[in-house]
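Q: I should like to learn how to read salt bridges and helices in a structural model. Could we work through a case together?

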Amino acid sequence: MTNNPRARHLYVHLPFCVHRCGYCDFVTVVGRIDQHEAYADALLAELASESGSLADAVDTVFVGGGTPTFTEPDTLRRILAALPPAIEVTVEANPETVTPELAAILREGGVNRISLGAQTFAPRLLGVLERVAGPDDIRRAMHTLRDASFDNISLDLIYGIPGQEPPDLDNDLAEALALAPEHLSLYELEAKPGTRFTRAWGAELVRQSEAMEGYFERVVETLRGAGYRWYETANFCVSGDRAGGRDLRAQHNLGYWQGRDYLGVGIGAVSTLGEQRRRNGASIGRYLGALGKDGDGRAPPRELEQLEPLTKAQERLMLGLRLDEPLPLTGVEHAIDRLGLERMVAGGLAVVHGESDVNDRRSLSLTDRGRFLGGGVTAELLA
């Protein structure tokens, strides 16, 4: 953070979806078109009440969900118009919702970055994931966004899908690269225990979990070979001459990974402001009861957590070490297990840069091998 203690990053949650995919663990609400406008009223009321938590100049706004682009067009237009201007304004979109009319609404609303949920280009795997869009919808959405002059598009893909084999992943990567997105996010499929998806695919999910490391290495090798920067564990962006001088990393998410404060509004939204973390409740009924036009004007139901200095330092390490640039150790050294650090350095998994001096300019990064092992290495480093 800068000297200004107020957040420069804003997250806005629009929870509505046409359908809830079996593997999804996000706070979503299926359909309920009749509630879109009322939800927007409550959302904008919360945003207005929290204006003192935001800096005068906001760096990033991220509109996530749910499927934000499923929100009724007039309602979406109104929400976008009420958001503070920012350097990067991202909206998540599902391919089947992208039309020229939607693209125009996004452009008029100040959006300059789209995160498009492709997940896979294999029809049978899209069926496993219960996705509505097919491969042609993904391609059409990309072309529609390009026609609307969007020049910063991220594609999301998932690997480890039940029934997926290495050639399927290779094809997904080839299809994605053919569309030349500025950014790619590649996520391991995470299916929560006890969900209907896990019950349906349990044995196959176990098999896929054993293949994850090989998938991960395949992803990194392919995308690096195509000129993308592996800047965060699951994220890649165009860099160098192809980026035209732009930093195409996801600036909003970079704020999270670099430990900056952020404000979240909407059901299920999380905020980290100074030493406090807040989580809004997931009930749309209670949210509207507090903030809607007929509500009582209270803050929405939320959980509060006071963050101890050690907790903040540990989180700074866990998130910062996901990046490809060294993490300054100033202020976080007390969260490091020194013996664990020595083991990780000796094992070629971590590197300490610089020497300790009066200004403590040392920094820490993971090697490629350490990044592949990820959370296991970070766990060894934490005090």
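The dialogue below takes up salt bridges, then burial, then one helix.

Q: What should be known about the origin of this model?
A: The model is predicted.

Q: Why can side chains of opposite charge pair?
A: Such side chains can pair when their charged atoms come close. Applied here, the distance rule, a side-chain nitrogen of Lys or Arg within 4 Å of a carboxyl oxygen of Asp or Glu, gives a count of 26 salt bridges.

Q: Which residue meets arginine 124 in a salt bridge, and in which helices do the two lie?
A: The partner of arginine 124 is aspartate 168, with an N to O distance of 2.6 Å. Arginine 124 belongs to helix H4 (residues 123-128) and aspartate 168 to helix H6 (residues 166-178), so this pair ties together parts that are 44 residues apart in sequence.

Q: Are these two residues buried or exposed?
A: A relative accessible area under 20% is the cut-off for buried. Aspartate 168, at 14%, is therefore classed as buried, whereas arginine 124, at 48%, is partly exposed.

Q: How many residues apart are aspartate 137 and arginine 140 in helix H5?
A: They are three residues apart in H5 (residues 135-147), which means a separation of about one helical turn. Aspartate 137 and arginine 140 form a salt bridge whose closest N and O atoms are 3.7 Å apart. Aspartate 137 is partly exposed at 25% relative accessible area, and arginine 140 is partly exposed at 32%.

Q: Which residue forms a salt bridge with aspartate 170?
A: Arginine 218 does, the closest N and O atoms lying 2.7 Å apart. Aspartate 170 is in helix H6 and arginine 218 in helix H7 (residues 196-225), so the pair ties together parts that are 48 residues apart in sequence. Aspartate 170 is partly exposed, with 31% relative accessibility; arginine 218 is partly exposed, its relative accessible area being 31%.

Q: Which residues are joined into one network by salt bridges that share partners?
A: Glu46, Glu50, Arg278 and Arg302 are joined in this way.

Q: How is the span of a helix to be read, and what is it for helix H1?
A: The span from first to last C-alpha is compared with the length expected at 1.5 Å a residue. Helix H1 (residues 36-49) has 14 residues and reaches 20 Å, close to the expected 20 Å.

Q: Which residues of H1 are buried?
A: Among them are His36, Tyr39, Asp41 and Leu47. Glu46, a member of the network just described, is also one of the buried residues of H1.

Definitions and conventions:
Residues numbered from 1 in each chain as written. Predicted model: local features only at pLDDT ≥ 70, side-chain atom pairs only at ≥ 80, totals over all residues. Heavy atoms only, no water. Helix = DSSP H or I, 4+ residues; strand = E, 2+ residues; numbered from the N terminus. Buried < 20%, exposed > 50% of the residue type's maximum accessible area, 1.4 Å probe, protein only. Expected span 1.5 Å × (residues − 1).
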